[in-house]
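Take a moment with the sequence and the fold. The paragraphs below walk through a few places worth finding.

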Amino acid sequence: MNSYPRATKYLDLDSIYSRCSGPGALRTAEFVADKLDLRPDTRLLDIGVFKGEQTCFLAKEYGSMVVAVDPWLDDFYPDCDHRPFVDHLRRNADRWGVADRVLGLQLGVPDLKFADVSFDAAYSTTAFEMLRGLGGVDHYRACLAEVRRVLRPGGLFGLAEPMHLGGEPPPELAPFLSDGIITFGDCLTSIGQVEDDFLAAGFEIVESGYAPDGWEWWLEFAAHDVECKANPERIPRMLEVDGGRWIGFGYVIARRAA
Ligand SMILES: C[S@@+](CC[C@H](N)C(=O)[O-])C[C@H]1O[C@@H](n2cnc3c(N)ncnc32)[C@H](O)[C@@H]1O
């Protein structure tokens, strides 16, 4: 198990998960960021940021300049006040003391508006699987290709997202996989499929796999996420039924070669 010296400075998981929407929260961020060689002068793009807890953590702990993009309003979420997520990010950046290093923009893939070669590195967690769920594999690949376009040659993209561990899901999971507007059944795929998608979008894969602590991240999410606490019969129950057989959490570190 990783030790997460940066993420474990922040102990109040209920508070962190009120501004973060993905398994592992700051530990996931540290796991991916450690593989991106972030430095204070890195121009980092964070894609799909919710209320920006991970964005602020990256700016604070690695000192990078972070441009954070997220197109949505908070309307789907329990404590919504009909504001764009990047507004929450701005308030959060003040809390973290990183407002001088974080810029939030209401934009999304696959139409980022930035010029080609604008960033040294890119980062995204628990966001791209929704793009697969909404638009299928071609849309997912178009979104990856857009990230590649705005990265400099040699720049790294670190992605982590819910994935399944391969094969068919246990039959008892069926009702959970078809539940909701964006279903888990449409969002989740295997690491092999995601690797193929990165290659199709013109990336080289540096490292990929299932996160060793992925199941623990899911259980932490089930215990602390606001939506999970409000609806224990949805995701927490799905995880209990699965018991770590099919639901996992995967990551890819990929390079734009040229
Ligand atoms: C589940 S949240 C995860 C956010 C964050 N990485 C975290 O772990 O807290 C996914 C985010 O992706 C955003 N999103 C949806 N469509 C997007 C798009 N086309 N481009 C970028 N972000 C998008 C949503 O608004 C949402 O805030």
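**A walk from the core outward**

Start at Leu58. Apart from neighbours within four places in sequence, Leu58 is in contact with Ala29, Ala33, Leu44, Asp46, Ser64, Val66 and Tyr123. Keep in mind that this is a predicted model.

Leu58 belongs to something bigger. The largest nonpolar core has 72 residues. Leu58, Ala122 and Val147 are the members with the most contacts inside this core. Which helix gives the core its largest share? That is H5, with seven residues.

Next, find the ligand. It is surrounded by 21 residues. The closest are Gly22, Gly48, Phe50, Trp72 and Gly108. Two elements each give two or more residues to this shell: helix H3, residues 53-62, and helix H5, residues 128-150. H5 thus appears in both places, in the ligand shell and in the core. What is the make-up of the shell by class? The shell around the ligand has 12 nonpolar residues, seven polar ones and two charged ones.

Stay with H3 and look at its packing partner. H3 packs with helix H4, residues 85-96, at an angle of about 40°. Their axes are 9 Å apart. The crossing of H3 past H4 is right-handed. On the H3 side, the contact is made by Glu53, Thr55, Cys56 and Lys60. H4 brings Leu89, Asn92, Ala93 and Trp96. By class, the contact of H3 with H4 has four nonpolar residues, two polar and two charged.

Now move along the chain to a second pair of helices. Helix H9 covers residues 214-224, and helix H11 covers residues 235-242. Their axes come within 9 Å and cross at roughly 145°. Here H9 passes H11 in a left-handed crossing. Trp218, Leu219 and Ala222 of H9 meet Ile235, Pro236 and Leu239 of H11. What classes of residue make this contact? Six are nonpolar, with no polar and no charged residues in the contact of H9 with H11.

Finish at Pro171. This residue sits in the loop between strand S5, residues 151-164, and helix H6, residues 174-177. Is Pro171 buried or exposed? Pro171 is exposed, because 7 other C-beta atoms lie within 10 Å, and a residue with 12 or fewer counts as exposed. Pro171 and Asp242 are 71 residues apart in sequence. In space, their C-alpha atoms are 9.8 Å apart.

Note on methods. Residues numbered from 1 in each chain as written. Predicted model: local features only at pLDDT ≥ 70, side-chain atom pairs only at ≥ 80, totals over all residues. Near = placed C-beta within 6 Å. Helix = DSSP H or I, 4+ residues; strand = E, 2+ residues; numbered from the N terminus. Nonpolar A, V, L, I, M, F, W, Y, C, P; charged D, E, K, R; others polar. Buried ≥ 20, exposed ≤ 12 C-beta atoms within 10 Å, placed from the backbone. Axes fitted to C-alpha atoms, helices over the stretch in contact; angles between N-to-C directions. Left-handed = near helix turned anticlockwise from the far one by under 90°. Contact = placed C-beta atoms within 7 Å. Core = buried A, V, L, I, M, F, W, Y, C linked by C-beta atoms within 7 Å.
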